[in-house]
Number of protein chains: 2
Amino acid sequence: MNAAVAAPTQKCTECPIRHRAVCAHCNPLELQELDEIKYYRSFEAGQTVIWAGDKMGFVGTVITGVATLTQTMEDGRTQMVGLLLPSDFVGRPGRDTAAYNVIATTDIVMCCFRKKPFEDLMARTPHIAHRLLEMTLDELDAAREWMLVLGRKTAREKIASLLSIVARRDASIAKKATVGPLVFDLPLTREAMADYLGLTLETVSRQISALKKDGVIEMQGKRHITVPDMGRLMEEAGDDADGGFLV
Amino acid sequence: MNAAVAAPTQKCTECPIRHRAVCAHCNPLELQELDEIKYYRSFEAGQTVIWAGDKMGFVGTVITGVATLTQTMEDGRTQMVGLLLPSDFVGRPGRDTAAYNVIATTDIVMCCFRKKPFEDLMARTPHIAHRLLEMTLDELDAAREWMLVLGRKTAREKIASLLSIVARRDASIAKKATVGPLVFDLPLTREAMADYLGLTLETVSRQISALKKDGVIEMQGKRHITVPDMGRLMEEAGDDADGGFLV
DNA sequence: TCATGACTTTGACCCAGATCAATTTGGAAA
DNA sequence: TTTCCAAATTGATCTGGGTCAAAGTCATGA
């Protein structure tokens, strides 16, 4: 039950998130040593956690809520490069300025560690580096999966891919069965979805309407979504139905 | 001079590649212990090093030549998700099947380590995990930079971005000055460039012709390129001229 | 030298998604 | 309850890049 004191190499038993050994219910890095230097910070929806280029004196994980990592070009075009759901790690040991804007899209709570103590502990504790390497490799896989979405999928497939990712992450966390209808809240505005997928918000809106019309999804209000058939949604996303998605 | 025996934490003095502490001239992971278990493999241009899903019993780094990491959808759409230039690492400790197709686009030489001995050594040698974490974080940055290219740049900007990356990597390795004209060979076919950038090969060809016509680049034959003004090229790529690119 | 075939370029046309422009919706505050 | 307004939807039109098709180039080996 008490996942916080599970052996370091053991996966969290509460949250069977694919490819992720830690989750919001656990000590984010599964190490008791870290408990002593952690602290919590919360941010409101819309708040910027940190701007690209700013000094970043901490690392941490998202405990609850959703944040995004974005890049912006001088003319304002922006691309989301990371979607931070509960259990995701933020920050980079060994670098002292943030490379991306980190923005809370819902109210969030983060578990943070000041960078210096964290790095010291990491130097002393080989397991942290292993854990962090594993997490970083998972993130790299997710980024590469996303590159296929950005480079080769149609607008409809892109939307279906995003819904599929959020639905599965949400379902994992909530420990719902993966068969039968799936219900979840979209934690992103249409604009954020557009920035995620390299589209405009109008196209996002149109494609969501189309998926709704075709019965792939049902909506209650603007954010609450029901997926009657997850297999159908994944088919729309252009994925093998057995699910290659790594997020 | 003998970079292979440099202290593990020291950057390679031969190849000042931004964000990368190792290069083709060095022991790929800067650890003498690894010398004892390494072996070399070469592949001819066009050869597949490994298919996605196949068992992968080794990890390694590219020593010379260029390879690519690609993903393919059932209908044949393919997206390159990694460009492996000399010093880049391939393979993932802790996973036994390849996640992507690895294809040699030129003749290549790789320095390999059988996975089991490598993992054993990694468990015993904390520095390897740190080194690998650092490299993986660099790759993640590169992947995210690439996501901006895929999601938000125009075809012309995409081509300029790719040329800019290859030019800089090539220039770094060859230790050329970064001012004045830059000369290099494109190690990719038009089709591979298209798969990198999420374009068609026709669009790639047209945009290269356009950059040539506008004097941004000059070409001798189909692969040999001269960049008279690197700043101009980076401007075309939509980057700040001080160079944000992480590859 | 010529034939071969892979790679590249160029042209003509089309369409998915962008852009511009109104509305409409739904949730929160008064 | 009504008001308000950011977020979302929908329509009309435009265009960058895709698609299909036809040459052009060049390295290779017979």
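**Chain copies, sheet and DNA surface**

Modeller: Of the interface residues of chain B, 100% are also interface residues in chain A, so the copies meet through the same surface; contact requires C-beta atoms, placed from the backbone, within 7 Å. The model is predicted: local features need pLDDT of at least 70, side-chain atom pairs count only at pLDDT 80 or more, and totals for chains, interfaces and linings use all residues. Residues are numbered from 1 along each chain as its sequence is written, with chains lettered from A and ligands numbered from 1 in the order in which they are written.

Biologist: By what turn can chain B be laid on chain A?

Modeller: Superposition is by least squares on C-alpha atoms of residues with pLDDT of at least 70 in both copies. The RMSD is 0.0 Å and the shift along the axis 0.0 Å, with a turn of 180 degrees. The two copies are thus related as by a two-fold rotation axis.

Biologist: Which strands of chain A stand at the edges of the sheet?

Modeller: The open antiparallel sheet of chain A has the order β1-β8-β3-β6, where strands are DSSP runs (E, at least two residues) and pairing needs at least two bridges. One side of each edge strand is left without a neighbour, because each has a single partner; these strands are β1 (38-43) and β6 (89-90).

Biologist: Which element gives the most to the surface near DNA strand C?

Modeller: Near means a C-beta atom, placed from the backbone, within 6 Å, and 18 residues surround the strand. Helices are DSSP runs (H or I, at least four residues). With 6 residues, the element giving the most is α6(B).

Key: Two residues are in contact if their C-beta atoms, placed from the backbone, lie within 7 Å.
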